[in-house]
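Please look over the sequence and the structure shown here before reading on. The paragraphs below are meant to be read alongside them.

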Amino acid sequence: MAMGKPNLDIFAETLLSLARSDRDVLVVTSDSRGSGRLSGYAQELPEQIIETGIAEQNVIGISAGLASAGKKVFAVSPACFITARALEQIKNDVCYSDHPVRVVGISAGVSYGALGATHHSLHDIAALRAIHNIMIVVPADSLETREAILAAYAAPYPLYIRLGKAPMPDVYPASEPFRLGTCARIRDGHDVTYVACGETVPVALGAAEALAAQGVSCRVLSMHTVKPLDEQALVSAARETGAVISVEEHSAHGGLGEACATVLLRHGLHVPFDLVAIPDEHLVSGSQNEVFRHYGLSVESLAATAMRLIGGR
Amino acid sequence: METSERTLRLKSVSYREAILRIISQAGAGHTGGDLSAIDILNVLYNRILNVSPQTASDPDRDRFVQSKGHCVEALYAVLADRGFFPSAELDTVCRYGSRLIGHPTRAVPGIEHNTGALGHGLAVAVGMALAGRLDGRSYRVFTLLGDGELDEGSNWEASMAAAHYGLDNLIVIVDRNGLQITGPTEQVNALEPLADKFRSFGYALRQVDGHDIPALVEALASAPFERGKPSLLLAHTVKGKGISFAENQAGWHHRVPSAAELERAWAELAAQRAALEGS
């Protein structure tokens, strides 16, 4: 798969084009315009960026106040900080008060690799899934990122958009319309389904391609909206392929995988299932790619997981 | 005493009665802080804020955020009096299914932001003030903080931003009653020298007796205290003010009066009303 731009770059480009034509678009950020690829935005539109310094609680509180007055606010800060230090502000000032802030968690998951657990956000999906009134969006590639930002701009409700910074290949089928609250079937198949989100989607797609050579047909869903989950697509996938593997750059606790497992069980679908995620342990050090490989978020390991699940067939 | 001052002071007596009625029927509430804040709320809603039920969604309306959300009974008493919802609804506070819960929410007409967790209101008010400036609107943003909640570091982050952006459309009022749930603020986590702290954070600061109605009117009407700076009104108050046995008692932070205490409170408030009507 040919590598494209990082989703973070697509986010910044899309936001800049929106902000050029709508003065109500504002970025609020915590000394992280550089990390958010927003230096160019800040130079071109200095009136449309609010800097708080290194103060994430302030980012969200101020964003809520701006949104209450009709501003279209993107609160941009590393995912690890904005969804932990400012979690109470997200919960109360954005979600509970229903001020439509778009919280953009940048360099999410283990994007920061060897910088350690302070900089990892493996809790964010779990934490926000338990908070009422926030949509969780985890785009995989350029198209999903662009469409998610455009949809978020138009959405009158709170959202969390989780972005990585690695270059991503294009995986989204150009023919399929993007809609928040659904997922994209980026590869069809009938033996097993990978349900992935964000930067793990190309890994799952790679596993599906590798398995095709062995005569195994895999469906791949890019579950770009993790909450609310596209239950219908998941249930159909389980019924039609008979086995499901969730794949995510997040703790095994409380993320996409557990969300999928709950849906399957509640629909009485006791299909072979596995959850591939970051285990509950002190993480191995390394780059994002090395951490992925260490915990089975690799093409080879995902393919082996699929073979194990469908081995009896 | 001028008529307008007498009118406001009579309102304060009525509000204190309403607060005690709400708390006794709900079986819960924050008596002490309600009574320290009520004169401030009275002046805000009856003399300062350009808000009304008819203009509740006017983009040019003044904004008020009550950061010390636990003192919601005081806010409900004032909002009902100003016609934001029927006074009869005050009997439903904290009842099953009521929209009048134990902290402010936007489900209630006239309330701009949900509070309850401390240390949140100021940053939100900063955002509202920034939006007003960006849009060239004339509205002002008022927020009321308790002194105990100043322990929360988020207030100081927000104060830095207010000064950094020179938000002179922001008026922060601190209800300095000196007590928090455990005891005196100076014993729990010392705040003094508080005025110096606020000044050093970039506020133009004034101090006032938070129960002196004309002084509150004069101070709040004079905001901004200085062009280019956020204003801070340090209102020195008495927790439990107006009910002798509740005054300056940390134990009255969220105590519900007994039947006997209520009788004494009604008598004291009736005497206050009679004195005002005779003055």
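What follows goes from the domains of one chain to the contact between chains and then to a sheet.

This is a predicted model, and in chain A the domain assignment gives domain 1 (3-169) and domain 2 (184-310). The centres of these two domains of chain A, taken over C-alpha atoms, are separated by 25 Å, and 25 residues of domain 1 of chain A are in contact with 25 residues of domain 2 of chain A. On the side of domain 1 of chain A that touches domain 2 of chain A, at least two residues each are supplied by α6 (124-129), β6 (135-137), α7 (142-154) and β8 (167-169) of chain A, and the residues of that side divide into 16 nonpolar, six polar and three charged.

Between the chains, 19 residues of chain B are in contact with 21 residues of chain A. Both α4 (121-134) and α5 (154-164) of chain B supply at least two residues of the side of chain B that touches chain A, with the largest share, nine residues, coming from α4(B). That side of chain B has 10 nonpolar, six polar and three charged residues.

Chain B also holds an open sheet of five strands, in the order β1-β2-β3-β7-β6, with parallel pairing. Because β1 (63-66) and β6 (204-209) of chain B stand at the edges with a single partner strand each, one side of each is left without a neighbour in the sheet. From one strand to the next the twist averages 20 degrees. Within this sheet, β3 (residues 170-176) and β7 (residues 231-236) of chain B pair in the parallel sense over six bridges, and R176(B) stands opposite H236(B) in β7(B). The helix α4(B) packs on the sheet, where α4(B) touches β1, β2 (141-146) and β3 of chain B, and its direction makes about 170 degrees with that of β2(B).

Technical notes. Residues numbered from 1 in each chain as written. Chains lettered and ligands numbered in written order. Predicted model: local features only at pLDDT ≥ 70, side-chain atom pairs only at ≥ 80, totals over all residues. Domains from an automatic or database assignment. Contact = placed C-beta atoms within 7 Å. Helix = DSSP H or I, 4+ residues; strand = E, 2+ residues; numbered from the N terminus. Nonpolar A, V, L, I, M, F, W, Y, C, P; charged D, E, K, R; others polar. Pairing = 2+ DSSP bridges. Axes fitted to C-alpha atoms, helices over the stretch in contact; angles between N-to-C directions.
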